[in-house]
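This report follows a few side chains and one helix through the model shown here, beginning with the aromatic rings.

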Amino acid sequence: MQDKLQELRKAIRDSAPDAIERISYGMPYYEYKGRLAYFGLSKAHIGLYIPTPVLEEHQSKLKDYETTEATLRLPLAKKLPITLIKTLIRARVKKNDARKKR
């Protein structure tokens, strides 16, 4: 699973190169002008946590995944959807940029 976690980490770093990487709630956490994303490993999936409303706004692209308001569950048995992950992270970066400009 380390390979998948490293692949996810790289996708986040590629999408938000200025984000600061930390640990919060015992998970990798990325901060860019506010909360950007967290991720964590469970028995059956990797949970990618992106503050609302990003997942809701991209719901049509997420129909093959289990989601909640701010959680995308990426099954361990499937290949990571890197393009989708990058799209979601970039959307959160834009929201954080817009919020800081106000």
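In this predicted model, the structure holds three aromatic pairs. Two of them are described in the table, with the separation of the ring centres and the angle between the ring planes.

| Aromatic pair | Centre to centre | Angle between planes | Geometry |
|---|---|---|---|
| Tyr 25 and Tyr 38 | 6.0 Å | 50° | tilted |
| Tyr 29 and Tyr 38 | 4.6 Å | 35° | tilted |

The pair of Tyr 25 and Tyr 38 links distant parts of the chain, since Tyr 25 sits in the loop between strand E1 (20-24) and strand E2 (27-31), while Tyr 38 belongs to strand E3 (residues 35-41), 13 residues apart. Tyr 25 counts as exposed because its relative accessibility is 71%, over the cut-off of 50%, whereas Tyr 38 counts as buried because its value is 9%, under the cut-off of 20%. In the pair of Tyr 29 and Tyr 38, both residues are buried. Ring pairs thus link Tyr 25, Tyr 29 and Tyr 38 into a cluster.

Ser 24, which lies in strand E1, touches two members of this cluster, Tyr 29 and Tyr 38, when residues up to four places away in sequence are not counted. Ser 24 counts as buried because its relative accessibility is 18%, under the 20% cut-off. Ser 24 and Leu 84 are 60 residues apart in sequence, and their C-alpha atoms are 24 Å apart in space.

Another aromatic ring, that of Tyr 65, has a charged side chain over its face: Lys 78 lies there, at 5.4 Å from the ring centre.

Leu 84 is one of the buried residues of helix H3, and among the others are Ile 85, Leu 88, Ile 89, Val 93 and the polar or charged Arg 92, Asn 96 and Asp 97. Helix H3 (residues 82-101) has 20 residues and reaches 29 Å from its first C-alpha to its last, which is close to the 28 Å expected at 1.5 Å a residue. The cover over the buried residues of H3 includes helix H1 (2-15), strand E3, strand E4 (45-49), helix H2 (54-57) and strand E6 (71-75).

Within helix H3 lies Arg 92, which is buried yet has no salt bridge, the nearest side chain of opposite charge being that of Glu 57, 7.4 Å away. If its neighbours within four places in sequence are left aside, Arg 92 is in contact with Arg 35, Leu 36, Ile 50, Pro 51, Thr 52, Pro 53, Val 54 and Arg 99.

Technical notes: Residues are numbered from 1 along each chain as its sequence is written. This is a predicted model: local features need pLDDT of at least 70, side-chain atom pairs count only at pLDDT 80 or more; totals for chains, interfaces and linings use all residues. Side-chain values use heavy atoms; hydrogens and water are left out. Rings of Phe, Tyr and Trp (its six-membered ring) pair if their centres lie within 6.5 Å; planes under 30 degrees apart count as stacked, over 60 as edge-to-face and the rest as tilted. Helices (H or I, at least four residues) and strands (E, at least two) are DSSP runs, numbered from the N terminus. Buried means under 20% relative accessible area, exposed over 50%, partly exposed in between (1.4 Å probe, protein chains only). A charge sits over a ring if NZ of Lys or CZ of Arg is within 6 Å of the ring centre and within 35 degrees of the ring normal. The expected span of a helix is 1.5 Å times one less than its number of residues. Contact means heavy atoms within 4.5 Å. Lys and Arg count as positive and Asp and Glu as negative; His and the chain ends are not counted. A salt bridge is a side-chain nitrogen of Lys or Arg within 4 Å of a carboxyl oxygen of Asp or Glu.
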